[in-house]
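Let's walk through this model together, beginning with the whole chain and then turning to its strands.

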Amino acid sequence: MADNSFSDGIPSDSLEAAKNASNTEKLADQVMQNPQVLAALQERLDSVSHTPSSYIETLPKAVKRRINALKQLQVKCAHIEAKFYEEVHDLERKYAALYQPLFDKRREFITGDAEPTDAESEWHSENEEEDKLAGDIKNKAVIAEKEAAAAEEPNPKGIPEFWFTIFRNVDMLSELVQEYDEPILKHLQDIKVKFSDPGQPMSFVLEFHFESNDYFTNSVLTKTYKMKSEPDKADPFSFEGPEIVDCDGCTIDWKKGKNVTVKTIKKKQKHKGRGTVRTITKQVPNDSFFNFFSPLKASGDGESLDEDSEFTLASDFEIGHFFRERIVPRAVLYFTGEAIEDDDNFEEGEEGEEEELEGDEEGEDEDDAEINPKV
């Protein structure tokens, strides 16, 4: 009987393997001739070759070791940068003391406690030459008429509603102000920035000074912003300078019936057994600028905040920084709108669409009646 395992001296298994290899090569040739397949492969190779991390992985161990040494140097640079910002904070404190006499005089002019001299009130406008030319061609009758009209103009004390006008002019602030906040903010006389003392943790305090009013007994409301100027141990390369990490507000001593941060609502309750209905009142939070002094606390126990809380806290930090860096140092320019025009020259990034969600709590909205705080 003939042996079927050999053909012309070649094992049948070897013949089958050779046949399969030949078919695989033919299939590979067909695939590689497909332009779409080639383009996909090339795109994948390009993406891999252009990824920095993938390139680093291809480097020899000796080179990787040197890169790790560079990272050690970078961390040391970050700590030196932190010291730099600490000294900047010391300089801010030093120059804040030099600015303060000018800000004190600004407050006196705003409140009317002092009147500027002619020299202090002289200001050369950009249209000064045009104004001078126009004045030269006016006849004496027109000048006399204007002088008479000027004499009849009212002369209020100081600069009325100075800080309130700034709130109204600046979008970031006006968005926080409700209609019932406005009469309170008209009593605002000054905003100051106080820096932390030498040797103390980095922070600054915003002081809002109010004249006597019918809403609360405080003469000063404060907001303290705590800052950190050191690289994070877990991510030292993210350090870009001091950042606000937490803030504390203050207690507002509201007069009876004047607290605009809460509202009283009436709610009807039906007795399950007797079917009788009674009306109860309760206080619930109310939108107001003065919630600014009751801020959300940053999580200090390692637990992360939800997305809405993180956004609220980040917005609060941004507002505090804006008061410190822009509003207080350049108040008159935000009052006149000149600083706002300068800010508008910078393009803003695109904002994501916000979706407002409305919901009710067990149908309470249908029966609730709002009682507005007295203003």
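Here is a short tour, from overall make-up to strand pairing.

This is a predicted model, in which local features need pLDDT of at least 70 and side-chain atom pairs count only at pLDDT 80 or more, while totals for chains, interfaces and linings use all residues. Residues are numbered from 1 along each chain as its sequence is written, and side-chain values use heavy atoms, leaving out hydrogens and water.

The protein has 14 helices and nine strands; these are DSSP runs numbered from the N terminus, with helices (H or I) of at least four residues and strands (E) of at least two. Of its 375 residues, 24% are buried, where buried means under 20% relative accessible area with a 1.4 Å probe, counting protein chains only.

Now take a look at strand E5, residues 220-228. In a regular strand the side chains alternate between the two faces of the sheet. Here Leu-221, Lys-223, Tyr-225 and Met-227 point to one face and are buried, whereas Val-220, Thr-222, Thr-224, Lys-226 and Lys-228 point to the other and are not.

E5 pairs (at least two DSSP bridges between the strands) with strand E4, residues 203-210, in the antiparallel sense over seven bridges. In that pairing, Phe-204 stands opposite Tyr-225. E5 also runs antiparallel to strand E6, residues 243-248, joined by five bridges, and there Lys-228 stands opposite Glu-243.

Further along, strands E7 (residues 262-270) and E8 (residues 277-285) form an antiparallel pair over nine bridges. Lys-263 faces Val-284 in E8. Six residues lie between the strands of this hairpin, in which Gly-275 takes a positive phi near 80°.

Conventions:
Buried < 20%, exposed > 50% of the residue type's maximum accessible area, 1.4 Å probe, protein only.
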